[in-house]
Amino acid sequence: MPLSQCYHVMVKDATDDNLFAVLVANAAKNSLAKKVLIMFEGHKIEFVPKTEGAAPAVQPNQPIDVKSLYVVKYNGQVLADALTPEKRTTIPPNTPQDKQELADVMLIKPETSGNKNEIIGFYSRVTGLKVLFDGSSVTVMPSPLWKSNVVGLCGKYDGQTWDEKLLPNKTLVAEPIAFSRAFQLNTKGCDAEIDRIPLQKGQKKTLRQQ
């Protein structure tokens with residue numbers, strides 16, 4: 001899916017409560033590298049390049065070293081130990097009365113994930129949302145409770161293929177750039193021009209059923 005440097009809604013709950021959203025954007029102009037913003041329960045987790053505004057150099061069909069080239073931010077602050085291999089960084093409850101942690105972030109080794117390189121993993125216990133990121137592609141795995149109740153570039157999570165390009169207003173959009181633009185957030189300061197870079201081999205943005 002072609003993207004711009006503005007965030008695009010990849011997956012969002014289709015409720016009025018705005019419980020979670022996964023946003024993705026190109027890390028820089030004409031770059032295969034991506035950045036991710038996850039919003040949940042009033043909190044924000046970001047997977048972004050270490051150098052703000054500059055994307056890692058990416059060779060086609062080569063894995064990105066997210067451990068060395070990316071940082072994880074929580075509500076705008078860098079989580080220094082979040083990309084320590086196999087160390088789970090926990091987002092604490094909102095209040096002392098809440099016993100359940102909000103989310104976990106960790107760096108997952110290749111032997112665990114099956115990828116060529118480490119990937120970043122996120123899991124929200126509250127929403128049942130899982131996100132995996134390898135620097136150039138994003139996989140989102142919502143809880144089965146969200147079936148047919150999400151919107152975004154990944155579709156409705158209903159097991160159907162005919163409605164994957166269906167907008168919330170029930171309009172079908174076949175052209176990829178037009179569909180991408182429909183879920184683009186044109187915030188101040190971002191470059192809204194959508195790049196026409198083909199996906200590298202194996203690169204994808206997916207919503208996976210559990």
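I take buried to mean under 20% relative accessible area, and I apply that cut-off throughout to what is a predicted model.

**Entry: the rings of F47 and F133**

I looked up F47 and F133 first, and by that cut-off both residues are buried. Searching for ring pairs, I arrived at a count of five aromatic pairs. In one of them the rings of F47 and F133 have their centres 5.9 Å apart and their planes at 20°, so I enter this pair as stacked, since planes under 30 degrees apart count as such. This pair links distant parts of the chain, because F47 belongs to strand β4 whereas F133 belongs to strand β10 (residues 129–133), and the two are 86 residues apart. I also noted that ring pairs join F47 and F133 with Y70 into a cluster.

**Entry: F179, F183 and two lysines**

I then turned to F179 and F183, which form an edge-to-face aromatic pair, with 5.4 Å from centre to centre and 70° between the planes. Both F179 and F183 are buried. The ring of F179 has a further contact to record, in that the charged end of K165 sits over it, 5.6 Å from its centre. I found a similar entry for Y123, over whose ring sits the charged end of K130, 5.6 Å from the ring centre.

**Entry: the seven-stranded sheet**

Which order do the strands of the open sheet follow? I read the seven strands in the order β6-β5-β4-β3-β2-β1-β12, with antiparallel pairing. At the edges stand β6 (77–78) and β12 (150–151), each with a single partner strand, so one side of each is left without a neighbour in the sheet.

I went through the sheet starting from the β12 edge, where strand β1 (residues 8–13) and β12 pair in the antiparallel sense over two bridges, and where K12 has V151 in β12 as its bridge partner. Further in, β2 and β3 run antiparallel and are joined by seven bridges, and V22 finds its bridge partner in I38 of β3. I checked the cover of β3 as well, and five of its seven residues are buried.

Between β3 and β4 I found antiparallel pairing over five bridges, with F47 in β4 as the bridge partner of V36; F47 is thus an entry in my ring notes and in my strand notes. The two strands β3 and β4 form a hairpin with two residues between them, and E41 in the turn has a positive phi of about 50°.

Five bridges also join β4 to β5, again running antiparallel, and here the bridge partner of I45 is Y74 in β5.

**Entry: the cover of β5**

Is β5 enclosed or open to the outside? I find that five of the five residues of β5 are buried, so the strand is largely enclosed by the rest of the structure. Both faces are covered, with Y70, V72 and Y74 buried on one side and V71 and K73 buried on the other. Towards the sheet edge, β5 and β6 pair in the antiparallel sense over two bridges, and K73 stands opposite V78 in β6. A hairpin with two residues between the strands connects β5 and β6, and N75 in its turn has a positive phi of about 50°.

**Entry: β8, β9 and β10**

I looked up strand β9 (residues 119–124) separately; five of its six residues are buried, so it too is largely enclosed by the rest of the structure. Six bridges join strand β8 (residues 103–108) to β9 in an antiparallel run, with F122 in β9 as the bridge partner of V105. Five bridges join β9 to β10, which also run antiparallel, and G121 has L132 in β10 as its bridge partner. The hairpin of β9 and β10 has four residues between the strands, and G128 in the turn has a positive phi of about 75°.

**Entry: the second largest pocket**

For the second largest pocket I noted a volume of about 490 Å³. Its lining holds 23 residues, among which Y7, K35, E46, V48 and E52 lie nearest the centre. By class I recorded 10 nonpolar, six polar and seven charged residues in this lining. Which strand gives the most to it? That strand is β4, with three residues, while β2 (20–26), β3 (34–40), β4 (43–49) and β5 (70–74) each supply at least two.

Conventions
Residues numbered from 1 in each chain as written. Predicted model: local features only at pLDDT ≥ 70, side-chain atom pairs only at ≥ 80, totals over all residues. Heavy atoms only, no water. 1 Å grid on protein atoms, 1.4 Å probe; cavity = no way out; pocket = protein on both sides within 12 Å on 5 of 7 lines; lining within 4 Å. Points joined across faces, edges and corners; volume = space filled by probe spheres on them. Nonpolar A, V, L, I, M, F, W, Y, C, P; charged D, E, K, R; others polar. Phe/Tyr/Trp six-rings, centres within 6.5 Å; stacked < 30°, edge-to-face > 60°. Buried < 20%, exposed > 50% of the residue type's maximum accessible area, 1.4 Å probe, protein only. Lys NZ or Arg CZ within 6 Å of the ring centre and 35° of its normal. Pairing = 2+ DSSP bridges.
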